[in-house]
Every structure is written in C-alpha cells, then in structure tokens.
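Let's take a walk through this protein, starting from its interior and working out to some of the odder spots in the backbone. Have the viewer open and follow along.

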Amino acid sequence: MSSQEVTTVATALAKTADAEAGTSVEYAARIEHVSKSFAGPAGQQLVLDDITLDVAPGEFVTLLGASGCGKSTLLNLVAGLDKPSAGGISTDGRPALMFQEHALFPWLTAGKNIELALKLRGVAKADRRSRAEELLQLVRLEGAYGKRVHELSGGMRQRVALARALAQDSRLLLMDEPFAALDAITRDVLHDELTRIWRETNVSVLFVTHNVREAVRLAERVVLLSSRPGRVAREWTVDIPQPRRIEDPAVAELSVEITEQLRGEIRRHGQH
Ligand SMILES: Nc1ncnc2c1ncn2[C@@H]1O[C@H](COP(=O)(O)OP(=O)(O)OP(=O)(O)O)[C@@H](O)[C@H]1O
Ligand SMILES: [Mg+2]
C-alpha cells in the first residue's frame with residue numbers, strides 16, 4: 001500500500017468520525033476538579049486530588065508520573081470505567097482504550113478481533129471485512145487478517161490492538177502504557193507508527209507512561225502528576241518538530257529537565 005493510499009484510508013476514517021460526531025466540541029476530554037478516593041485499610045485514601053485538564057481536539061497529551069501516582073486511575077475515569085469521587089469529566093463521544101496487555105480475544109483471528117469492534121459500532125456485516133483489512137493496512141499488518149493471536153509477535157499484537165481501538169472511530173484514544181512490555185526497537189517502531197497514524201487520522205490521544213523519553217518523543221504536551229495524592233505538578237508544551245527520534249538531542253534535553261522534576265516528586269512522595 002502506498003503512503004498516499006494509507007493517507008486516503010486515514011482521511012476516510014477521520015471524515016466518518018466527524019460525520020458521526022455531528023456537532024463539534026472544543027475539547028476531546030475535559031477533566032474538571034476531579035478527585036478520587038478509594039477505601040483502604042486506613043480509611044479513605046485520596047489518590048487523585050483536584051485534577052483539571054483538557055485535551056483539545058487532535059491533541060496528543062502524555063500523562064507522566066511515578067508508579068502508583070494515579071495515572072491509570074485517571075485514565076479509567078476518563079474511559080468511564082469508574083466514577084470520580086468529586087468533579088466532572090466530559091468526552092467528545094465514547095473514547096477507545098488500549099492497554100499494556102493487548103486484551104485481544106485469542107479464539108478469534110486478528111481480522112475477526114477488529115471486525116468485532118466494527119460490529120459493536122454497528123458497521124454493516126458486508127462492510128466489516130474490507131474495513132478490517134483497511135485498518136490492518138493502516139497499522140502496516142497487511143496479510144495478518146487470518147492469523148490467530150498466538151501466531152503474532154508482541155509488537156504485532158499491539159498493532160492489532162491499535163487497529164481494533166481505531167475501529168471504534170472514537171475522537172479520543174486512551175492509551176495506558178501500551179508499549180511498556182515491548183523491546184526497545186519494537187517500541188521505537190511503534191512510536192513512529194503511532195505518530196504517523198495520529199497525524200493522519202487527527203484522533204486525540206491521552207497516553208499514560210512513566211517513561212519520560214517516550215512522553216517527550218510522542219507528545220505535544222506532557223503533564224506531570226505528583227504522587228500521593230496525584231495532582232497536576234507541571235506541564236510542558238513540546239514544540240520539537242515531528243517526526244522525532246527518541247535519541248534527538250532536543251528530546252534528550254527536555255527529558256533531563258522533566259526527569260529532574262519527576263525525581264523531586266518521587267523524593268517528596270518518599271518523605272510521606
Ligand atoms: N480499585 C481500587 N481500589 C483501591 N485502591 C486502588 C484501586 N485502583 C487503584 N488504587 C490505588 O490507587 C493508587 C494509584 O493506582 P494507579 O494504578 O492509578 O497508579 P499508576 O500511576 O497507574 O501506577 P503504575 O505506573 O504502576 O501503573 C495506588 O495506590 C493503588 O493501590
Ligand atoms: Mg498504571
């Protein structure tokens with residue numbers, strides 16, 4: 001498939017999503033004064049405290065923070081899998097999700113996993129196969145339609161999971177450390193693919209990671225959460241031109257600055 005054809009597929013996907021969205025809103029996700037507590041052995045534990053954050057349409061935001069600071073909790077709230085203890089969350093339509101574990105159905109082929117998402121979205125049976133093939137081309141997995149999950153490498157599984165998430169035609173893609181289990185080279189390739197697909201489809205992305213380099217490599221904006229409780233500690237706008245390389249000096253330089261802040265957060269957290 002030529003890059004022009006890939007662009008055509010991506011544009012068609014973006015247009016469909018626009019048509020389905022109907023009216024346009026000025027955010028993909030709006031998180032307003034959100035707090036979240038869980039019941040623990042020592043009473044209520046405040047995990048997220050007064051988080052306010054918008055993701056603009058088409059924006060790529062990475063959410064960075066130490067392990068246990070509440071990143072997944074916040075993503076689950078945006079996904080609607082759990083409810084905030086206080087505050088409100090709105091999204092432009094229902095978001096699509098992608099996690100570290102691919103969560104593909106092992107008894108279905110790659111193609112059928114994607115078709116299931118299309119079916120749930122109400123795509124007519126006659127159109128599902130060709131749409132699934134288009135999505136596999138978009139993630140550069142042409143020919144994997146009939147492959148079962150166990151026949152695919154870890155990187156290929158994550159590509160299918162990405163294709164399945166894109167099959168939902170959501171305006172917002174929520175990603176929770178989707179590449180954390182992959183080796184560095186595969187992760188690097190998937191960074192390039194995700195950047196390309198994001199730019200071609202104009203989907204908004206809220207991407208959780210604790211890898212500073214990954215956050216800077218991918219995002220237009222990096223949001224650092226503090227720990228215990230999770231609060232927005234600082235934000236950086238990343239205006240390094242795309243496509244970027246993880247080893248770019250500008251990526252490295254900003255990563256050093258952010259890592260310093262993250263270390264400070266972890267030290268503070270350790271004093272509790
Ligand atoms: N359903 C739950 N019930 C009770 N406590 C929870 C629940 N979910 C999360 N927590 C607690 O909330 C805190 C934040 O967890 P969360 O999984 O959001 O962290 P995280 O930033 O995603 O960490 P990691 O980088 O390790 O994935 C942890 O202390 C965790 O134990
Ligand atoms: Mg997590």
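Start in the middle. The largest nonpolar core has 52 residues, and the ones that touch the most other members are Ile114, Leu162, Leu173, Met175, Val216 and Val222. Keep in mind that this is a predicted model. Which helix gives the largest share of this core? That would be helix H5, residues 154-167, with seven residues. The core also draws on both domains, taking at least three residues from each of domain 1 (3-95 + 170-270) and domain 2 (106-169).

Now zoom in on one of those well-connected residues, valine 216. Setting aside neighbours within four places in sequence, valine 216 is in contact with Val222, Val238, Ile240, Arg244, Val251, Leu254, Ser255 and Ile258. Val222 turns up here again, having already been named among the core residues that touch the most other members.

There's a second, separate core as well, made of 23 residues, and Ala28, Ala29, Leu77 and Leu174 are among them.

Next, look for the sheet. Strands E2, E1 and E4 form an open sheet in the order E2-E1-E4, with antiparallel pairing. At the edges sit E2 (43-55) and E4 (86-91), each of which pairs on one side only. From one strand to the next, the twist averages 30°. Helix H2, residues 71-79, packs on this sheet and touches E1, E2 and E4, and its direction makes about 120° with that of E1.

How many bridges join E1 to E2? Nine, with E1 covering residues 29-40 and the two strands running antiparallel. If you want one pair to find on screen, try serine 37, whose bridge partner in E2 is leucine 46. As you scan along, remember that side chains in a regular strand alternate between the two faces of the sheet.

Another antiparallel pair is E8 (residues 221-225) and E9 (residues 232-237), joined by five bridges. Here leucine 224 stands opposite arginine 234 of E9. The two strands form a hairpin with six residues between them, and the turn is where the backbone gets interesting: arginine 228 there has a positive phi of about 45°. Right after that, a cis peptide bond with omega of about 0° joins arginine 228 to proline 229, and proline 229 sits in the loop between E8 and E9.

Why are these spots worth a second look? Because most residues other than glycine have a negative phi, and most peptide bonds are trans.

With that in mind, follow the chain past E9. The peptide bond from glutamine 242 to proline 243 is also cis, with omega near -5°, and proline 243 belongs to the loop between E9 and helix H8 (249-270).

Two further positive phi values are found in loops. Glutamate 177 has a phi near 45° and lies in the loop between strand E6 (172-176) and helix H6 (184-201). Asparagine 202, also not a glycine, has a phi of about 65°, and its loop runs between H6 and strand E7 (204-209).

Are these two residues buried or exposed? Glutamate 177 has a relative accessible area of 12%, so it counts as buried, the cut-off being under 20%. Asparagine 202 comes in at 44%, so it is partly exposed.

Key
Residues are numbered from 1 along each chain as its sequence is written. Chains are lettered from A and ligands numbered from 1 in the order in which they are written. This is a predicted model: local features need pLDDT of at least 70, side-chain atom pairs count only at pLDDT 80 or more; totals for chains, interfaces and linings use all residues. Side-chain values use heavy atoms; hydrogens and water are left out. Two strands pair if DSSP finds at least two bridges between them. Helices (H or I, at least four residues) and strands (E, at least two) are DSSP runs, numbered from the N terminus. Axes are lines fitted to C-alpha atoms, for helices over the stretch in contact, and angles run from 0 to 180 degrees between N-to-C directions. Contact means heavy atoms within 4.5 Å. A nonpolar core is a set of buried Ala, Val, Leu, Ile, Met, Phe, Trp, Tyr and Cys residues joined through side-chain atoms within 4.5 Å. Buried means under 20% relative accessible area, exposed over 50%, partly exposed in between (1.4 Å probe, protein chains only). Domain bounds come from an automatic or database domain assignment.
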